[in-house]
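Please look at the sequence and the structure shown here, and then follow one path through them, step by step.

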Amino acid sequence: QVPLVESGGGLVQAGDSLRLSCAASGRSFGSHAMAWFRQAPGKEREFVAAISWSGEMTYYADSVKGRFTISRDNGKNSVYLQLNSLKPDDTAVYYCAAGQYMGDSWSRYEFWGQGTQVTVSS
């Protein structure tokens, strides 16, 4: 599988912002839908946001709508997640994923990154 590598996670305070990046190598993901998922300790993997191969369509979980923004740069073979107005409940490992079709189910995505930790303090 082509590796997806996330970066940009860290420790921030509530109300702060963070920008996550996901870079792919080995092949182009320009024809793939891309998505972000997150998983907190003791919880199942949760859908965050997705973007179509062209970038014209985006979809967000209700919990992050209006606060997070997903974008992509096919020329750089990368996808990004801008996290604003962060809350402690956003604390999780954030994963980048790629798949043939856009959706909110993690089982439908074929390629995954190793994850990057986002921690939001009160």
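With which side chain does the side chain of R38 make a polar contact? In this predicted model, the partner is the side chain of Y94, at 2.9 Å. R38 itself lies in strand β4, which covers residues 33-39, and because its relative accessible area is 6%, under the 20% that marks the limit, R38 counts as buried. Leaving aside the neighbours within four places in sequence, the residues in contact with R38 include E44, R45 and E46, and also D89, D90 and Y94.

Y94 leads on to the nonpolar interior. The largest nonpolar core has 35 residues, and among these L4, W36, L81 and Y94 touch the most other members. Two or more residues of this core come from each of β3, β4, β5 (46-51), β7 (68-73), β8 (78-83), β9 (92-99) and β11 (116-121).

L4, another of those four residues, brings the reader to strand β1, residues 4-7, along which the side chains alternate: L4 and E6 point to one face and are buried, whereas V5 and S7 point to the other face and are not buried. Strand β1 pairs with strand β3 (residues 18-24) in the antiparallel sense, over four bridges, and in this pairing V5 stands opposite A23 of β3. Once neighbours within four places in sequence are set aside, the contacts of L4 include C22, A23 and A24, together with F29, M34, C96 and W112.

Note on methods. Residues numbered from 1 in each chain as written. Predicted model: local features only at pLDDT ≥ 70, side-chain atom pairs only at ≥ 80, totals over all residues. Heavy atoms only, no water. Buried < 20%, exposed > 50% of the residue type's maximum accessible area, 1.4 Å probe, protein only. Polar contact = N/O pair within 3.5 Å; in protein donor to acceptor, adjacent residues only side chain to side chain. Contact = heavy atoms within 4.5 Å. Pairing = 2+ DSSP bridges. Core = buried A, V, L, I, M, F, W, Y, C linked by side-chain atoms within 4.5 Å.
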